Amino acid sequence: MSAEIVQLVQQAAPYLSTAVSAYGVAVFSRAENAAVDATANLGRRILQAVWRRRDERGRAELEAAVQDAAEAPEDEDAAAAVRQQIKRALREDAELRAELARLLPASGETVHVTASGERSIAAKTITTAITGDHTTIQP
């Protein structure tokens with residue numbers, strides 16, 4: 001197995017676990033959910049990318065692995081089975097490897113975010129931030 005595949009799966013692992021915990025098997029049919037954090041949504045996108053590229057048997061195997069991991073979130077063997085399905089798909093599909101590499105943050109990427117002062121917030125990316133004691137949203 002190539003080092004590239006191992007690195008991609010290691011980098012994707014936290015996103016996969018979070019997506020399985022948040023969505024379960026519905027991960028394959030759900031759209032992005034604003035109420036779910038960015039980590040789970042990225043994991044969902046990774047699993048859906050793999051799902052789309054698998055044949056019927058591969059989809060059934062991936063679904064079974066995700067179901068097991070969703071039912072037993074503390075079971076490291078179940079999480080490993082999901083990662084193994086991802087590795088198998090990556091070995092068989094160079095285009096999928098490239099797609100996952102584009103989805104995942106660049107490895108070694110360093111982000112520095114500083115918040116200073118009372119009630120300050122800091123984030124790498126943010127959609128909406130509301131701060132203050134009496135803040136209201138204006139239409």
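This passage describes the helices, the helix contacts and the nonpolar core of a predicted model of a protein chain.

The protein chain contains 5 helices and 0 strands, and, read from the N terminus, its elements follow the order α-α-α-α-α. Of its 139 residues, 32% count as buried. Among the contacts that join residues at least 6 apart in sequence, 54% link residues that are at least 24 apart.

The packing of helix α1 was examined against two other helices, α2 and α4. The axes of α1 and α2 come within 7 Å and cross at roughly 95 degrees; since angles of 65 to 115 degrees count as roughly perpendicular, α1 and α2 are therefore roughly perpendicular to each other. On the α1 side, this contact is made by A12, P14, Y15, L16, T18, A19, V20, A22 and Y23, and on the α2 side by T39, A40, N41, L42, G43, R44, I46 and L47. By class, the residues of the contact of α1 with α2 divide into 12 nonpolar, 4 polar and 1 charged.

Helix α1, spanning residues 3-23, also packs with helix α4, spanning residues 76-92, at an angle of about 140 degrees and with the two axes 10 Å apart. That angle makes α1 oblique to α4, because only angles over 145 degrees count as roughly antiparallel. The crossing in which α1 passes α4 is right-handed. Here I5, L8, V9, A13 and L16 of α1 meet R83, I86, K87, L90 and R91 of α4, and the contact of α1 with α4 comprises 7 nonpolar, no polar and 3 charged residues. L16 is thus named both in the contact with α2 and in the contact with α4.

In soluble globular proteins, nonpolar side chains tend to be buried together. In the present model, the largest nonpolar core has 31 residues, of which I46, L47, L62, V66, I86, L90 and L100 touch the most other members. Each of the helices α1, α2 (38-53), α3 (56-71), α4 and α5 (94-103) supplies at least two residues of this core, and the largest share, 9 residues, comes from α1. When residues up to four places away in sequence are not counted, L47 touches L16, A19, V20, V27, F28, L62, V66, V82 and I86. L62, V66 and I86, which are among these partners of L47, are also listed among the core residues that touch the most other members.

Two further residues, T18 and Q85, were considered individually. T18 lies in helix α1 and, with a relative accessibility of 25%, counts as partly exposed, because this value is not under the 20% cut-off for buried residues and not over the 50% cut-off for exposed ones. Leaving aside residues up to four places away in sequence, T18 touches D37, T39 and A40; T39 and A40 are also named on the α2 side of the contact between α1 and α2. T18 and L42 are separated by 24 residues in sequence, and their C-alpha atoms are 9.1 Å apart in space.

Q85, by contrast, lies in helix α4 and counts as buried at 10% relative accessibility, since buried means under 20%. With residues up to four places away in sequence again not counted, Q85 touches G58, E61, L62 and A65. One of these partners of Q85, L62, is also a residue touched by L47.

Definitions and conventions
Residues numbered from 1 in each chain as written. Predicted model: local features only at pLDDT ≥ 70, side-chain atom pairs only at ≥ 80, totals over all residues. Heavy atoms only, no water. Axes fitted to C-alpha atoms, helices over the stretch in contact; angles between N-to-C directions. Helix = DSSP H or I, 4+ residues; strand = E, 2+ residues; numbered from the N terminus. Parallel < 35°, antiparallel > 145°, perpendicular 65-115°, else oblique. Left-handed = near helix turned anticlockwise from the far one by under 90°. Contact = heavy atoms within 4.5 Å. Nonpolar A, V, L, I, M, F, W, Y, C, P; charged D, E, K, R; others polar. Core = buried A, V, L, I, M, F, W, Y, C linked by side-chain atoms within 4.5 Å. Buried < 20%, exposed > 50% of the residue type's maximum accessible area, 1.4 Å probe, protein only.
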